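This briefing introduces a structure to a reader who has not met it before. Please look at the sequence and the model shown here, then read the points that follow.

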Amino acid sequence: MVDTSRGEAPAPPADPAEEPRGCLFALSQPPLMIFLTVVGSLLLMAALHDLFLL
(Lines give C-alpha, C1' and ligand atoms only; values in the text may rest on other atoms or scores of the structure.)
Protein backbone atom coordinates (compact mmCIF):
# COMPACT_ATOMS: atom_id res chain seq x y z
CA MET A 1 0.00 0.00 0.00
CA VAL A 2 1.22 3.53 -0.80
CA ASP A 3 2.30 5.67 2.15
CA THR A 4 0.36 8.95 1.84
CA SER A 5 1.38 10.43 5.19
CA ARG A 6 3.23 13.73 5.26
CA GLY A 7 6.93 13.17 5.84
CA GLU A 8 9.80 15.61 6.03
CA ALA A 9 9.80 18.62 3.77
CA PRO A 10 12.06 18.35 0.70
CA ALA A 11 15.51 19.84 1.16
CA PRO A 12 16.13 23.24 -0.45
CA PRO A 13 18.52 23.40 -3.40
CA ALA A 14 22.18 23.22 -2.43
CA ASP A 15 23.11 26.45 -4.25
CA PRO A 16 20.29 28.99 -4.65
CA ALA A 17 22.36 30.98 -7.18
CA GLU A 18 22.48 27.99 -9.56
CA GLU A 19 19.72 28.25 -12.16
CA PRO A 20 17.97 25.23 -13.64
CA ARG A 21 19.25 24.16 -17.04
CA GLY A 22 16.95 25.02 -19.89
CA CYS A 23 16.67 24.92 -23.65
CA LEU A 24 19.88 26.83 -24.38
CA PHE A 25 21.86 24.30 -22.36
CA ALA A 26 20.30 21.49 -24.40
CA LEU A 27 21.15 23.26 -27.67
CA SER A 28 24.78 23.63 -26.62
CA GLN A 29 25.33 19.87 -26.59
CA PRO A 30 27.42 18.66 -29.58
CA PRO A 31 25.38 15.51 -30.45
CA LEU A 32 22.18 17.52 -30.68
CA MET A 33 23.81 20.21 -32.80
CA ILE A 34 25.29 17.59 -35.15
CA PHE A 35 21.86 15.96 -35.51
CA LEU A 36 20.16 19.30 -36.20
CA THR A 37 22.86 20.22 -38.74
CA VAL A 38 22.39 16.93 -40.61
CA VAL A 39 18.60 17.29 -40.65
CA GLY A 40 18.86 20.92 -41.75
CA SER A 41 21.28 20.11 -44.55
CA LEU A 42 19.03 17.29 -45.80
CA LEU A 43 16.07 19.68 -45.85
CA LEU A 44 18.15 22.28 -47.67
CA MET A 45 19.29 19.77 -50.29
CA ALA A 46 15.71 18.60 -50.82
CA ALA A 47 14.50 22.17 -51.22
CA LEU A 48 17.26 23.03 -53.71
CA HIS A 49 16.54 19.85 -55.65
CA ASP A 50 12.86 20.77 -55.86
CA LEU A 51 13.62 24.34 -56.91
CA PHE A 52 16.25 23.75 -59.57
CA LEU A 53 15.96 20.20 -60.85
CA LEU A 54 12.21 19.55 -60.94
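**Nonpolar surface patch**

On the surface of this predicted model, a nonpolar patch is formed by L24, L27, L32, M33, F35, L36, V39 and L43. Together, these residues have about 730 Å² of accessible area.

*Helices and the patch*

- The protein chain contains two helices and zero strands.
- Helix α1 spans 23-27 and helix α2 spans 30-52, and each of them supplies at least two residues of the nonpolar patch.
- The most is given by α2, which contributes six residues to the patch.

*One patch residue, M33*

- M33 is one of the residues that form the nonpolar patch, and M33 lies in helix α2.
- M33 counts as partly exposed because its relative accessibility is 37%, a value between the cut-offs of 20% for buried and 50% for exposed.

*The chain as a whole*

- The protein chain has 54 residues, of which 0% count as buried.
- About 5500 Å² of the protein chain is exposed.
- Carbon and sulfur atoms supply 70% of that exposed area.

Notes. Residues are numbered from 1 along each chain as its sequence is written. This is a predicted model: local features need pLDDT of at least 70, side-chain atom pairs count only at pLDDT 80 or more; totals for chains, interfaces and linings use all residues. Side-chain values use heavy atoms; hydrogens and water are left out. Patches are made of residues with over 30% relative accessible area and no salt bridge: like charges are joined within 9 Å, nonpolar side chains (Val, Leu, Ile, Met, Phe, Trp, Tyr) within 5 Å. Accessible areas come from the Shrake-Rupley method with a 1.4 Å probe; for residues, only the protein chains shown count as cover. A salt bridge is a side-chain nitrogen of Lys or Arg within 4 Å of a carboxyl oxygen of Asp or Glu. Helices (H or I, at least four residues) and strands (E, at least two) are DSSP runs, numbered from the N terminus. Buried means under 20% relative accessible area, exposed over 50%, partly exposed in between (1.4 Å probe, protein chains only).
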